[in-house]
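Thanks for coming. I'll put one chain on the screen and walk through it from the overall layout down to a few residues.

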Amino acid sequence: MRGVYFKNMKWQAAIKVDKKQIHLGTVGSQEEAARLYDRAAFMCGREPNFELSEEEQQELKRFKWDEFLTMTRSSITNKRHKRELGEGSRKKPRAPLQSSNWKGEHGVGGFLALEDVERHTTVS
């Protein structure tokens, strides 16, 4: 798949823009990485691995490249942080959290997850 590689036992997504390799994020599965690449590919006018829904395309059109990168990376970091906090904060063992499928109702990289970021960064 385009824009996807396995490094240090993790799946990573990257895209080349203006002759520079841009790291998009490290995720739990090859499909998540491919879908993350697909969102970036759409932003850059490139061919994705999977077809993006019309709703997802409309959502992505609202963002500039820098905003997209910031929100995507924040989303990944926020999910990782929540997972780490969730697993260590209980005394009772619990089932490990499933990695998000990033497909959700809002598409890959969800801005479902990004809504979480916005909720935590909104000034009251």
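The chain has four helices and three strands. Starting at the N terminus, the order is β-β-β-α-α-α-α. Keep in mind that this is a predicted model.

Some overall numbers. The chain has 124 residues, and 37% of them count as buried. Its accessible surface is about 8200 Å², and carbon and sulfur atoms account for 50% of that. Take the contacts between residues at least 6 apart in sequence: 50% of these join residues at least 24 apart.

Now the interior. The largest nonpolar core has 20 residues, and those touching the most other members are Ile15, Ile22, Leu24, Leu36 and Phe68. Which elements give two or more residues to this core? They are E2, strand E3, which covers 20-27, H1, and helix H3, which covers 65-88. H1 provides the largest share, with six residues.

Let me take Ile22 out of that group. Setting aside residues up to four places away in sequence, Ile22 touches Ala13, Ala14, Ile15 and Val17, and also Trp65, Leu69 and Arg73.

Next, two glutamines. Gln12 sits in strand E2, residues 10-17. Is Gln12 buried or exposed? Its relative accessible area is 10%, and buried means under 20%, so Gln12 is buried. Beyond its neighbours within four places in sequence, the contacts of Gln12 include Gly3, Val4, Tyr5 and Lys7, as well as His23, Gly25 and Thr26. Ala33 is in contact with Gln12 too.

The other one is Gln30, in helix H1, residues 30-44. Gln30 has a relative accessibility of 32%, and the partly exposed class lies between 20% and 50%, so that is where Gln30 falls. Again leaving out neighbours within four places in sequence, Gln30 is in contact with Met1, Val4 and Trp11. Gln30 and Tyr5 are 25 residues apart along the chain, yet their C-alpha atoms are separated by 7.9 Å.

Last, helix H2, residues 54-61. Its buried residues are Glu56, Gln57, Glu59 and Leu60. Why do these residues line one face of the helix? Looking down the axis of H2, the buried residues fall within an arc of 160°, so they line one face. Glu54 and Lys61, on the other side of H2, are exposed.

That is the end of the walk-through.

Terms used
Residues are numbered from 1 along each chain as its sequence is written. This is a predicted model: local features need pLDDT of at least 70, side-chain atom pairs count only at pLDDT 80 or more; totals for chains, interfaces and linings use all residues. Side-chain values use heavy atoms; hydrogens and water are left out. Buried means under 20% relative accessible area, exposed over 50%, partly exposed in between (1.4 Å probe, protein chains only). Contact means heavy atoms within 4.5 Å. Accessible areas come from the Shrake-Rupley method with a 1.4 Å probe; for residues, only the protein chains shown count as cover. The arc is that of the directions from the helix axis to the C-beta atoms. A nonpolar core is a set of buried Ala, Val, Leu, Ile, Met, Phe, Trp, Tyr and Cys residues joined through side-chain atoms within 4.5 Å.
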